[in-house]
Amino acid sequence: MAVLDIHQARACFPSLRSGHIYADNAGGSRTAQAVIDRIVDYLTNTNIQLEAGYSAVNSQRVVEGSVAAVELFNATSLDEVGFGSSATMLFENIARALENDIQPGDEFILTYEHEANNGAWKRLAARRNAVVKYWHPVPVSAENPYSVAYRVEELLPLVSSRTRLAAITACSNILGSVLPVEETVKALRQRAKEQGAIKVEVSLDCVAYAPHRIIDVQKWDVDYCLFSVYKVFGAHNAVAYVRSAALQTSFTSIVHDFLKVDDKPYKFQPGGPGHELVYGASAIVPYLKSLTPEDDLAASFSAIAKYEQEILTPLLRFLADTKQVDRGVRILGTSEINFSRIPTVCFVVIGQNAVKSKDIVEAFHKKGGISIQCGYFGAYHLIDNLHPKLDVNDGVVRISLVHYNTIEEVERIVDVLREVLA
């Protein structure tokens, strides 16, 4: 297995030169210099309308962004990927395009994860008189009621002959847990077939997953998949995969009625994406491949996953230590250190000496030099449905790392935590 060269990786991010510790990467990663360079180049030299007679160069540059997205998703063609301003907006566009294919009484299965992959479907269900069911996470440790995880055995009883769509999350931005997507979707589709469901589509949120693991929509057998480019070392936009069959048979166009886009991703992209940002995204794949000698995405993500276990270990061990548990620290999700967890760690401090999440983050702010965050991070209903009840408006403390963070940075974070929790 290739080993990640952390110094080479960090050299690609100009904002890291300041020495500031960025530990809120689940909210947005640093932007690679190569992405910045392409955006500046596009705006400087080729910022003209696409499809004009003189615009061959900039049209090709936008295509390069889509080529990168195809590789990141492992899609089958350029016609299966489309960019937008955010994952939330793209999910909404997809739900709007799907509206005419939803019948009263159809059932949607949702999680309690980020509202981007929930809200659009809840609104669609309300418009079309569909039924919403929830896949509840359950505690896996008797000692910690917040050690919740999603289990397939809790999902399958929700599937019926009326199941039309399941909206699931490849990785929780709160729990840090990685869902076994292939096995989950396979079990879901098998149960749907047994129940006599006519048409079941799967919508997959990969926003928290994409910076840490390789995506494979073909292997996973999903119909819709999205991630935020700005959380995968790019600029502030997002990209969607829509399976060609769904694009052609499930969608009604939401763009101008005179446009012939039946089999094109523009079908769900009213107004089109920011072209300079799409071109900037074309630098992400070369950056990721440069991390290992194999010049291969799978090798790079394997090295990333291995390295991230190393930086996760000291943080998780500190928070899960008996002394901190007795102090009132409770980790959300599991506390095991293995490849089923990314280095996104959320916790609360409860009990007689409870500490507000906002106060912990404020203590870091006063110290200076380290960015962490607190809140519910778009997963309002996940936090709100935990028991014993938490103050959803105070939320949880989140420390989220990626492959350019260092062991030394994590040790500094732990030192501040030790002081704050003393």
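Buried means under 20% relative accessible area, exposed over 50%, and partly exposed anything in between, with a 1.4 Å probe and protein chains only. Keep that handy for the tour.

Before you click: this is a predicted model, where local features need pLDDT of at least 70, side-chain atom pairs count only at pLDDT 80 or more, and totals for chains, interfaces and linings use all residues. Residues are numbered from 1 along each chain as its sequence is written, and side-chain values use heavy atoms, with hydrogens and water left out.

**The whole chain**

Start zoomed out with a cartoon. You should find 16 helices and 15 strands; these are DSSP runs numbered from the N terminus, with helices being H or I of at least four residues and strands E of at least two. Show the C-alpha atoms alone and they fill a box of roughly 65 × 55 × 40 Å along the principal axes. The radius of gyration is 22 Å, which agrees with the value near 22 Å for a compact globule of 422 residues; the radius is taken over C-alpha atoms, and the globule rule is 2.2 Å times the number of residues to the power 0.38.

Colour by burial next: 55% of the 422 residues count as buried. Among contacts (heavy atoms within 4.5 Å) with a separation of 6 or more, 68% are between residues 24 or more positions apart.

**Stop one: Ile109**

Select Ile109, in strand 3 (residues 107-110). With 0% relative accessibility, Ile109 counts as buried. What does Ile109 touch, leaving aside residues up to four places away in sequence? Its neighbours include Lys133, Trp135, Leu155, Leu158 and Val159. Add Thr163, Leu165, Ala166 and Ala167 to the selection, since Ile109 touches these as well. Then pick Ile168: its C-alpha atom is 8.1 Å from that of Ile109, with their positions 59 residues apart along the chain.

**Stop two: the cysteines**

How many disulfides are there, taking a pair of cysteine sulfur atoms within 2.5 Å as the rule? The count is 0. Cys206 is in no disulfide, and the nearest cysteine sulfur, on Cys225, is 3.6 Å away. Cys206 is buried, at 0% relative accessibility. Jump to Cys374, also in no disulfide; the nearest cysteine sulfur there is that of Cys346, 10 Å away. Cys374 has a relative accessible area of 16%, so it counts as buried.

**Stop three: salt bridges**

Now show charged side chains. The structure holds 24 salt bridges, each a side-chain nitrogen of Lys or Arg within 4 Å of a carboxyl oxygen of Asp or Glu.

- Select Asp79 and Lys264, which meet at 3.3 Å, N to O. Asp79 sits in the loop between helix 3 (56-73) and strand 2 (81-84), and Lys264 in the loop between helix 9 (244-249) and helix 10 (275-281), so the pair ties together parts 185 residues apart in sequence. Asp79 is partly exposed at 30%, and Lys264 is partly exposed at 34%.
- Move to Arg96 and Glu92, a salt bridge at 3.2 Å, N to O. They are 4 residues apart in helix 4 (residues 87-98), about one helical turn. Arg96 is partly exposed at 42%, whereas Glu92 is buried at 16%.
- Finish with Asp221 and Arg189, bridged at 2.9 Å, N to O. Asp221 is in the loop between helix 8 (217-220) and strand 9 (224-228), while Arg189 is in helix 7 (residues 181-195), 32 residues apart.

For a last selection, take Asp101, Arg164, Lys199 and Glu201: salt bridges that share partners join them into one network.

Definitions and conventions: Disulfide = S-S within 2.5 Å.
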